[in-house]
Amino acid sequence: MRSIWNGAISFGLVSIPIKLVNATESHSVSFRQIHTEDGGRIRYRKVCELEDREVTQAEIGKAYEDADGSMIPITDDDLSHLPIPTARTIEIVAFVPEERIDPLQMGSAYYLAASGAPAAKPYTLLREALKRSNRVAIAKFALRGRERLGMLRVVGDAIAMHGLLWPDEVRAPEGVAPDAGVTVRDQELDLADALMDTLGEIDLDDLHDEYQEALEEVIAAKSAGEAPPEAREEERPGKVLDLMAALESSVRAARESRGGDEGRAEAEVRPLPQAEKSSRRAPKETGGKKSTSAAAKKAAAKKAAPKKSTAAAGKSAAKSAQPAKKATAGSTAKKTTGRSAATKSTAKTTAKKTASRKRSA
């Protein structure tokens, strides 16, 4: 890998000669601008406004445009003699836990390669110190005409550096979140959790740029004089206004895309009562007591049924007296009334029988 910057890491009184190389690369397809009528290339030429002629790259330098429009030339020699220690040095200023770094600040990534044999020992020392401390180094360095902030961390057996934005370059998220107060129900959170569990984890190495692959297919087809492949028509789901319905549909679709429900028991959508807190179960327990009381009342009513026997069942008065003994003290008055009614009924029956015998005689 070609180095883009040479310098040294300043680690207290220790100096580590290093080379800075890019840790990432772009695989995007590049396009050229053409004249659509004849396919001719569109080129940009660098022209001097004073001489009205095209100039070469060797004739081009840097300058700062002042408020009045005048140009102040700045040479590479001027930049190399800037009165700052980070002109050719990555100066470590602190060691902090990696969690302290906001991902919004992270930018370009570089590898720091040891420059020469003398750099091997101090380079390894810094790497092992970062490993053992579980911290990252915060450093300042100058690159491409400006001083920058960087974070040094260990990647494998190498030291990597991430360019960081200065804290005042990160915007505050004002006006981004919804203004209106939104309440999320527990069952919606349960479905969202089920969806996350169903999607599960993925190996990032399995991800690839499908757009670039499709673009390369189009270029290859047109280069061979063939018709470019047609886009696959995918079914578009209907517009779902109910958030719960959308979540449930998402869970089903995720399960189908992951090969069904096998091995996905942890992503099961559970009924809401099981997911509620214990404080919400109190009404259910109270309801259970009510049903038990109702059952007891029904049983008591069945037991009390023999008490309502009419006078026509005078022959069974003795039998009905036995369940009556099991009743509570509050039913004593009812017993007395029932017995007197049975006695009167028996007397009436005896009188009727005597009268019928006289008539028959």
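# Why these words fit this structure

In this predicted model, the protein chain has nine helices and eleven strands. Of its 361 residues, 17% count as buried.

Me: Why is E210 called exposed?
Reply: A residue is called exposed when its relative accessible area is over 50%, and E210, with 52% relative accessibility, therefore counts as exposed. This residue is found in helix α4, which covers residues 210-223.

Me: What makes a patch of negative charge on the surface, and which residues gather in it?
Reply: Asp and Glu count as negative, and the residues that gather in this surface patch are D209, E210, E213, E216 and E217. A patch takes residues with over 30% relative accessible area, and E210, at 52%, is therefore above that cut-off.

Me: How do you know that E59 forms a salt bridge with R53?
Reply: The definition asks for a side-chain nitrogen of Lys or Arg within 4 Å of a carboxyl oxygen of Asp or Glu. The closest N and O atoms of E59 and R53 are 3.1 Å apart, so the pair meets that limit and is called a salt bridge.

Me: Why are E59 and R53 called partly exposed?
Reply: The term covers what lies between buried, under 20%, and exposed, over 50%. E59 has a relative accessible area of 46%, so E59 is partly exposed, and R53, at 36% relative accessibility, therefore counts as partly exposed too. These two residues are also linked with E51 in a network of salt bridges.

Me: What makes the pair R127 and E128 a salt bridge, and how is each residue described in terms of exposure?
Reply: The closest N and O atoms of R127 and E128 are 3.1 Å apart, and because the limit is 4 Å, the pair is called a salt bridge. R127 has a relative accessible area of 14%, under the 20% limit, and so R127 is buried, whereas E128, at 37% relative accessibility, counts as partly exposed.

Me: How do you know that the side chains of E188 and R185 meet in a salt bridge?
Reply: The N to O distance for E188 and R185 is 3.4 Å, which is within 4 Å, and therefore the definition is satisfied. E188 has a relative accessible area of 11% and so is buried, while R185, with 41%, is partly exposed. A search of the whole structure finds seven salt bridges.

Me: Why is Q105 called buried, although Q105 is found in a loop?
Reply: The word buried depends on the relative accessible area, which has to be under 20%, and Q105, at 14% relative accessibility, therefore counts as buried. The loop in question lies between β7 (89-97) and β8 (106-114). Leaving aside residues up to four places away in sequence, Q105 touches G163, L164, L165, W166, P167 and V170.

Me: Why does S108 count as partly exposed?
Reply: The relative accessibility of S108 is 44%, which lies between the limits of 20% and 50%, so S108 counts as partly exposed. S108 lies in strand β8 and, not counting residues up to four places away in sequence, touches M161, H162 and G163.

Me: What separates S108 and T24 along the chain and between their C-alpha atoms?
Reply: S108 and T24 are 84 residues apart along the chain, and their C-alpha atoms are separated by 8.1 Å. For the protein chain, residues 24 or more positions apart account for 59% of the contacts with a separation of 6 or more.

Definitions and conventions: Residues are numbered from 1 along each chain as its sequence is written. This is a predicted model: local features need pLDDT of at least 70, side-chain atom pairs count only at pLDDT 80 or more; totals for chains, interfaces and linings use all residues. Side-chain values use heavy atoms; hydrogens and water are left out. Patches are made of residues with over 30% relative accessible area and no salt bridge: like charges are joined within 9 Å, nonpolar side chains (Val, Leu, Ile, Met, Phe, Trp, Tyr) within 5 Å. Accessible areas come from the Shrake-Rupley method with a 1.4 Å probe; for residues, only the protein chains shown count as cover. The place of a charge is taken as NZ of Lys, CZ of Arg, CG of Asp or CD of Glu. Helices (H or I, at least four residues) and strands (E, at least two) are DSSP runs, numbered from the N terminus. Buried means under 20% relative accessible area, exposed over 50%, partly exposed in between (1.4 Å probe, protein chains only). Contact means heavy atoms within 4.5 Å.
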